[in-house]
Amino acid sequence: MIIVYLNFAYNHKIMKKLLILLSVTTFLHLAHAQDFRSFINQVNAITDTTLKMAAVDSFMTIITPMGIPYIQADTVNFIYRGSAGFVQVPGDFNGWTSQDDPMTLLEGTDFWYLSKYFEMNARLDYKFIIDGNTWILDPLNPHEIWGGYGPNSELAMPGYIQPWEINLNPGINHGTLDTIAFLSSHTGYNYQIIIYLPFGYDPLATGGYPAVYFQDGFEYISLGSANTVIDNLIEGNYIDKIIGVFVRPYNRNEEYAGNKRNQYRMFFTEELVPYIDEHYNTMASPGGRAVIGDSYGGNISALISYYHPDIFGNCGLHSGAFWPNNYEAYNAITQGLKVNVRWAAIWGSYESLFENMRNFRDFLLGENYLLTWKELPEGHSWGLWRATIDDIIIFFYPKGWSGLPHENLNRPLSVTVTPNPFSGSCALEFEGLPDDTWQLNIFDSLGKMVPVEPRVIQSGHMITLQVQAGTLPDTVCFYRLQSGDRVASGKLIKIK
């Protein structure tokens, strides 16, 4: 009897292992053949806990190499595995609130999930909260992005193309970085400043170099890779050589939005700019200077350029946060006299400020300000800002710009590219003015010109240029379209 019992137990274990193996094999096929929701339904239909866990393990074996979060078309499936009372997913898409977007536990397993829909070219930051108090990165997602408060996990949808220009290329020439300390009599603070000088900088070059001033300057370098972006833009012939001035705030909120904002503005215009012009070979004119800032840095940049257009003729806004002091900067610009400033504004549709930035854009366009703008499906993040530094700089100082007087700067050209990203072809549509000739140039990711012969369709003043995907060598190419003295540039993103 004892021998029979042992054999029975032994055979029972074998049968159970065979069932588990069969379950694993079944779910290996399910992972290929069925979508995420079908997988959830199949596991819910299983009653045996061991088989449930085996099914989950086999599913994870298949999808993990594909990337976590697991993305199918426009659906993102966030996944967490572990013991927890409850799990939440705060991120750019919900204002980083801990109450929104709770994950669901697949009963009988340690598998938590949350499914959400996003635009195909969205890029968003997120984290997990375990049991309401422990914030962690997604353990299954190796892709991280650093922000002002440390690293976040990164979700990049299939149509999002990572910015090539932020990557250090050891095979090209690089500029140098000088660090100085500057004591301001206006604020009483001692500022650290990094000066970027392009490779081959000539202190005696005729005409000087345009100077681009960055608020949150050290973060534009450490988190935005701005010096690397400038290196790559120069090497790729997108821009001529420029000088970068990266200013680190002493008390950011106070200087950009608080009770030191006016003293900081005077430090910038009456102390810093004269110092830079005296010690470096700059193009000492409004058109030769640009100021760029993110969030509150955009707020102070707008105040500086608007109240001092004789010093800064170009202003770049990365998600300009205009709400301080009852929308002081926004109201001054929209209710005051028009000034000779060119604007570049970029923001995310997942930011709380997107409606204000749309209204600001509409005002500038209505007043015929020179403007380039982008709204992208992203959040208030360095992931958005670092990937669009190039758009702002190229708009202000495209290749061949150097030396032109500010009043004769190329006027921006409004171009609509649809679809973008694209697979078969895309269309660049713009309004051609009477007697204007146009020229389209496309460059690959290394800055080499690509020969293209677009199909031209003209209806009245509207001109459409159709470009076939097969003529583009890289996933990301860049266009520069000129019609008369108007110029536009941007990315073309090809997908399979």
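Which residues lie nearest the centre of the second largest pocket? In this predicted model, they turn out to be G148, Y149, H380, W382 and W385, out of a lining of 34 residues. The pocket itself comes to about 940 Å³ in volume. As for where the lining comes from, the elements that each put in two or more residues are strand 9 (144-147), strand 10 (150-156), helix 4, helix 6 and helix 11 (382-386). Helix 4 gives the largest share, at three residues. Sorted by class, the lining breaks down into 13 nonpolar, twelve polar and nine charged residues.

Now to the charged pairs. Side chains of opposite charge can pair when their charged atoms come close, and the structure holds 15 such salt bridges. Take D57 and R81 to begin with: their closest N and O atoms sit 3.0 Å apart. D57 belongs to helix 3 (residues 49-63) and R81 to strand 2 (residues 75-81), so this salt bridge ties together parts that are 24 residues apart in sequence. Neither end is tucked away under the 20% cut-off for buried residues: D57 is partly exposed with a relative accessible area of 38%, and R81 is partly exposed too, with 25%.

The pair D216 and R252 makes another salt bridge, with 2.8 Å between the closest N and O atoms. Here D216 sits in the loop between strand 13 (211-214) and helix 4 (217-222), while R252 is in helix 6 (residues 252-256), so the link joins parts that are 36 residues apart in sequence. Helix 4 and helix 6 are also among the elements giving two or more residues to the pocket lining described above. The two ends fall into separate exposure classes: D216 is buried, at a relative accessible area of 3%, whereas R252 counts as partly exposed at 25%.

A further salt bridge runs between R261 and E328, whose closest N and O atoms are 2.7 Å apart. This one connects distant parts of the chain, with R261 in helix 7 (residues 261-279) and E328 in helix 9 (residues 324-335), 67 residues apart. R261 has a relative accessibility of 16% and so counts as buried, given that the class takes in values under 20%.

Not every charged group here comes as a simple pair, though: R123, D125, E154 and E378 are linked in a network of salt bridges.

Key: Residues numbered from 1 in each chain as written. Predicted model: local features only at pLDDT ≥ 70, side-chain atom pairs only at ≥ 80, totals over all residues. Heavy atoms only, no water. Salt bridge = Lys/Arg side-chain N within 4 Å of Asp/Glu carboxyl O. Helix = DSSP H or I, 4+ residues; strand = E, 2+ residues; numbered from the N terminus. Buried < 20%, exposed > 50% of the residue type's maximum accessible area, 1.4 Å probe, protein only. 1 Å grid on protein atoms, 1.4 Å probe; cavity = no way out; pocket = protein on both sides within 12 Å on 5 of 7 lines; lining within 4 Å. Points joined across faces, edges and corners; volume = space filled by probe spheres on them. Nonpolar A, V, L, I, M, F, W, Y, C, P; charged D, E, K, R; others polar.
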